[in-house]
Each structure stands twice: as C-alpha cells, then as structure tokens.
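User: Hey, can you walk me through this protein model? I'm new to this, so plain words please.
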Amino acid sequence: MARSSSGFVAGLTAAAVVAVGFLAYQASANAPADLSVKPTTSGTAAPATSPSGGPKKPPANPLAVPAASGTGERVVYALGARRVWLVDGGNKATRTFSVMPSTVHPTPGAYTVTSRSGSVRGSDGVQIEHVVRFATAQDVAIGFSAAVDGTTPSPDPSKKTGGIRMKRADGDALWTFAVIGAKVVVVA
C-alpha cells in the first residue's frame, strides 16, 4: 500500500511542476522586454483610438450651448437633448435645464416669443404658470411652462399638447428672460 501512495504523490508533484512551468512561460511571454524601465504616470491617459484607428475625440460637454443655435441673446431648445439654454448677448449660457417635451413638437428653426400668460390651465388640464408661447404646429400652440404643483410628468401620448414643461424655478428664470419678441431657437 505504501508503493501506491508514493506513486500517487510522485504523479501530483510532476503535475504541479508542469503547471508551474506553464504559468512561468505565460508570464514571461507577456512581460515587457526591459523590466528596468519604470512606468510613467504623468496623470494623463493615453488617447483612446476609434475603430478606424485614429484618436478618439473626448465627449462633448452636454451642457454646452449647441453650436448650430445661432448667436446673440436667445432661448435654445434642443429637442433630442430635452434641454433649454438661456443664452446672453455674449453667447454664454446663463442657465440650462432639462425639460419634459410635449406630444407636438416645433420644427427646428428660429422663432420669436409671441405671447405670454402668467397662469392658466394647460391643454392637459394641469394648472400652469409662466407660459411663454413661440410656435404653432398641428394647430397646437407650443410654449414653455411650469406646473404649479411642480411636477413634470410625461404627457399623455393620446393627446395633442404643446406645453414644454420645466421645474418652477426654471420657469421663473425663463419667464424673466423670454419677453415678447425674444428669440427662441429650436435645434434637433
């Protein structure tokens, strides 16, 4: 019985030596050619590459005013980003905020504020304030507003509504900024 145990131990030892040898080979194959060179940590990562092999551009600032939104003092509404910027005469955003779009959207382009209402009931039945209207589409008036109760729920897709809803504080800022005749630029 002692012979079979020693044979078993010898077999395990041989298997361990083979495994260690294989792992040592893998480690040496993946090691750098010169181990005396210290890695550099300059604080900047190497630029990533795009699938085409060229350097990858850093992501754009999502809060930056859209480039194709014109110049001068204006309200910019980005449909896809669901975001509004209040832009001063020097083309700098003084405020930006997210919005909940309506079911009827204005087409991209330049508009002017045509009417304003301090407090009314929206086409969805919600009491709203600081309504700033600037467009009409599908026979629906389109404008910015804030619900008096502070909510910004998704609109009922079965109804044609034109209210672009925002938080009350953002509605206050837009109300002050966007007077009759103010420029509103809608971008995709």
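User: Let's start with strand E2: which strand do 5 bridges join it to?
Analyst: Strand E2 (residues 83-87) is joined by 5 bridges to E3, and these strands run antiparallel. Strands here (E, at least two residues) and helices (H or I, at least four residues) are DSSP runs, numbered from the N terminus. Two strands pair if DSSP finds at least two bridges between them.

User: Before I go on, where does the model come from, and how do the numbers work?
Analyst: This is a predicted model, where local features need pLDDT of at least 70 and side-chain atom pairs count only at pLDDT 80 or more, while totals for chains, interfaces and linings use all residues. Residues are numbered from 1 along each chain as its sequence is written, and side-chain values use heavy atoms, with hydrogens and water left out.

User: OK, back to E3. Which residue there does Arg-83 stand opposite?
Analyst: Arg-83 stands opposite Ser-98 in E3.

User: What's the order of the strands in that open sheet of 5?
Analyst: The order is E3-E2-E1-E9-E4, with mixed pairing. Strand E3 (93-98) and strand E4 (109-112) are the edge strands, and each pairs on one side only. On average, neighbouring strands of this sheet are turned by 20 degrees against each other, direction ignored. For such angles, axes are lines fitted to C-alpha atoms, for helices over the stretch in contact, and angles run from 0 to 180 degrees between N-to-C directions.

User: Tell me about Val-76. Buried or exposed?
Analyst: Buried: Val-76 has 0% relative accessibility. Buried means under 20% relative accessible area, exposed means over 50%, and partly exposed is in between (1.4 Å probe, protein chains only). Val-76 has its place in strand E1.

User: What does Val-76 touch?
Analyst: Leaving out residues up to four places away in sequence, Val-76 touches several residues, among them Val-65, Pro-66, Trp-85 and Val-187. A contact means heavy atoms within 4.5 Å. As for Pro-66, 10 residues apart from Val-76 along the chain, the C-alpha atoms of the two are separated by 8.0 Å.

User: New topic: what's the other sheet, the one with 4 strands?
Analyst: That open sheet goes E5-E6-E7-E8, and the pairing is mixed. E5 and E8 stand at the edges with a single partner strand each, so one side of each has no neighbour in the sheet. Neighbouring strands of this sheet are turned by 30 degrees against each other on average, direction ignored.

User: How many bridges do E6 and E7 pair over?
Analyst: E6 and E7 pair over 7 bridges, in the antiparallel sense. Ala-135, for one, has Ile-142 in E7 as its bridge partner.

User: Which helix lies across those strands?
Analyst: Helix H2 (residues 168-177) lies across E5, E6, E7 and E8, and runs at about 55 degrees to E6.

User: And what about Ser-145?
Analyst: Ser-145 lies in strand E7 (residues 140-147). Ser-145 is buried, because its relative accessible area is 3%. Beyond residues up to four places away in sequence, Ser-145 touches residues including Ile-128, His-130, Gly-163 and Met-166.

User: Any odd backbone angles?
Analyst: Asp-139 has a phi near 60 degrees, a positive value in a residue other than glycine. Asp-139 lies in the loop between E6 and E7, and counts as exposed at 81% relative accessibility. Arg-82 is not a glycine either, yet has a positive phi of about 55 degrees. Arg-82 is found in the loop between strand E1 (74-78) and E2, and is partly exposed with a relative accessible area of 40%.

User: Last one: how much space lies in the largest pocket?
Analyst: About 390 Å³. On a 1 Å grid over the protein atoms alone, where a 1.4 Å probe fits, a pocket is an open set of points with protein on both sides within 12 Å along at least five of seven lines, and lining residues have an atom within 4 Å of a point. Grid points are joined across faces, edges and corners, and the volume is the space filled by probe spheres set on the points.

User: Which strand gives the largest share of its lining?
Analyst: E7 does, with 6 residues. The lining has 29 residues, of which Gly-122, Ser-123, Asp-124, Gly-163 and Arg-165 lie nearest the centre of the pocket.
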